[in-house]
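Visitor: Please take a close look at the nonpolar core of this structure and at the strands and charged pairs around the chain. A connected account would serve me best.

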Amino acid sequence: MAALVLSAVAGGARGEVLSEDALEGTSREAGVVLRSYGFALGGAVLRPPVALQDTSPLGLGVNDLRFYFAETREDLKLVIHAPVTATLSSDAVPGNSIGAGVPPPRWLPLRAHLADRATFQAVAEVDWVYLAWLLGPLTLTVGRQPITLGRAAVWRPEDLLAAFSLTEVDTEYKRGVDAVRLDWAVGERRLLHVYASPGELAVDHDAEVSRTGSAALVQFVAGGERGELGALVGWVRGDLVVGVDGTVDGGSFDVHGEATVTRLSDDSLAAPGFSSGDVRGKAVVGMTFHPTSTLTLGPELLYNGFGATKIEDRPELIAAPRVLLGEQVTLGVLYGAASGEWNPSSRWTLGGLALVNTTDQSALLSARIRANLASNAEAELGGYLAIGRAPNSVTKEPVTEYGLYPDFVYLKLKAVL
């Protein structure tokens, strides 16, 4: 179960400028980003009788070397990110999602296993490779690229192409989606976005395309002096999806919200408890407060129409395709979240997050402290504490959602060479 609930994504890269021509508006950047993550996991879900063998505590190390290149001209840009990631664990870990994130459905075969053993894996891949053309008011981007939808802070119902896990340790860098993207500035502060993403659900892609791994979306965004409104419609892995979102700026605070309505079809991914033709909704509303220039607070509420009031009524949710893919990150129906971040100086950042499943009274708490060691290096220490009843020791069936999570601490180091 640990492999389903814990993941880490490499941090954003900065590059060294190798050459630049200010008159022509061109530049060339290249860089190497080193990341090292250490995890220590423990808890009842890693010990018998819930687990087949006692793996608590579980040690995990992830080392990532990411090569970065960007060529920018007046109307053209090429970007490439190619990481090599090695994962070493003290015991066999099911799956490869711990420390590497869950990749979205893809089409291009740009991944190679250098080593694949029970306690050691090494993978080389091209995570971003795309060309962007500026054609007047149009920007066309083709290739494996980062795509983020939605406005909420913790849960994003609209972010369906490639979503973060709730336990992402580093969200500065997002995994790429194989897509064709068109951005059209149709007027002042009015944008039309079109996304077409072919893909398949397999981990190692071989240039095949399936309806259950592909998506196409159209989004319109209009902005004003105090906020923005957006709407989207599309086909996502067999689902017909309609969404709305918006944000209002109140000065020292802002209010944001987004909602989606999904109609399942015969081609949809399995959704335990629902069938083709069913319509389900998701909605988030939240606020961001800035009491001082160094403190940010953010409450948020979520309704998840795909969840279960009692997980034991639908235990198959845990291994449902939408959960394994990262599209669905919650198993319950009603949630509350509270987040906070304090920046006492340019060197230090302290943050925390509390997630509560109100239907089964379980919670997930996290805290972190980050230090900027130098202009090109940082360190972060943090941890997650799960509160909730563990699975039944006899039947092994789940009782609470966050009782399925292990407790863990982590240390992250990042440097740009």
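Guide: The model is predicted. Its largest nonpolar core comprises 33 residues, and those with the most contacts inside it are Phe39, Trp155, Leu331, Leu355, Leu364 and Tyr402. Two or more residues of this core come from each of the elements β2 (26-42), β3 (58-72), β17 (334-342), β18, β20 and β21 (407-416). Another core lies apart from it, with 13 residues, including Ile147, Ala162, Leu217 and Leu232.

Tyr402 merits a list of its own. With neighbours within four places in sequence left aside, Tyr402 is in contact with Leu166, Tyr335, Leu355, Val356, Asn357, Ser362, Ala363, Leu364, Ala386 and Ile387.

Strands β18 and β20 give residues to the core, and β19 is paired with each of them, as the next details show. Strand β18 covers residues 348-357 and strand β19 residues 362-374; ten bridges pair them in the antiparallel sense. Within this pairing, Thr349 has Arg370 of β19 as its bridge partner. The two strands form a hairpin with four residues between them, and Gln361 in the turn has a positive phi of about 55 degrees. On leaving β19, the chain passes through two residues in a further hairpin to β20. Strand β20 spans residues 377-387 and runs antiparallel to β19, with eleven bridges joining them. Here the bridge partner of Ala367 is Gly383 in β20. In a regular strand, side chains alternate between the two faces of the sheet.

A second run of paired strands involves β13, β14 and β15. Strand β13 (residues 239-249) pairs with strand β14 (residues 253-263) over ten bridges, in the antiparallel sense. Leu240 has Arg263 of β14 as its bridge partner. Three residues separate β13 from β14 in their hairpin, where Gly251 in the turn shows a positive phi of about 90 degrees. Strand β14 is joined in turn to strand β15 (residues 279-292) by eleven bridges, and these two also run antiparallel. In that pairing, Thr260 stands opposite Lys282 of β15.

The charged pairs complete the account. A search of the whole structure yields 24 salt bridges. One of them joins the side chains of Glu71 and Arg28, at 2.5 Å from N to O. This pair links distant parts of the chain, as Glu71 belongs to strand β3 and Arg28 to strand β2, 43 residues apart. Glu71 has a relative accessible area of 13% and is therefore buried, whereas Arg28, at 33%, is partly exposed. Glu71 also forms a salt bridge with Arg73, in which the closest N and O atoms are 3.4 Å apart. Arg73 has a relative accessibility of 44% and so counts as partly exposed.

Strand β13 takes part in a salt bridge too, through Asp245, whose side chain meets that of Arg151 at 2.4 Å from N to O. Because Asp245 lies in strand β13 and Arg151 in the loop between β8 (138-145) and β9 (177-187), the pair ties together parts that are 94 residues apart in sequence. Asp245 counts as buried, at 7% relative accessibility, while Arg151 is partly exposed, with a relative accessible area of 21%. Elsewhere, Arg66, Arg106, Arg111, Glu125, Asp127 and Arg175 are joined into one network by salt bridges that share partners.

Conventions:
Residues numbered from 1 in each chain as written. Predicted model: local features only at pLDDT ≥ 70, side-chain atom pairs only at ≥ 80, totals over all residues. Heavy atoms only, no water. Pairing = 2+ DSSP bridges. Core = buried A, V, L, I, M, F, W, Y, C linked by side-chain atoms within 4.5 Å. Buried < 20%, exposed > 50% of the residue type's maximum accessible area, 1.4 Å probe, protein only. Contact = heavy atoms within 4.5 Å. Salt bridge = Lys/Arg side-chain N within 4 Å of Asp/Glu carboxyl O.
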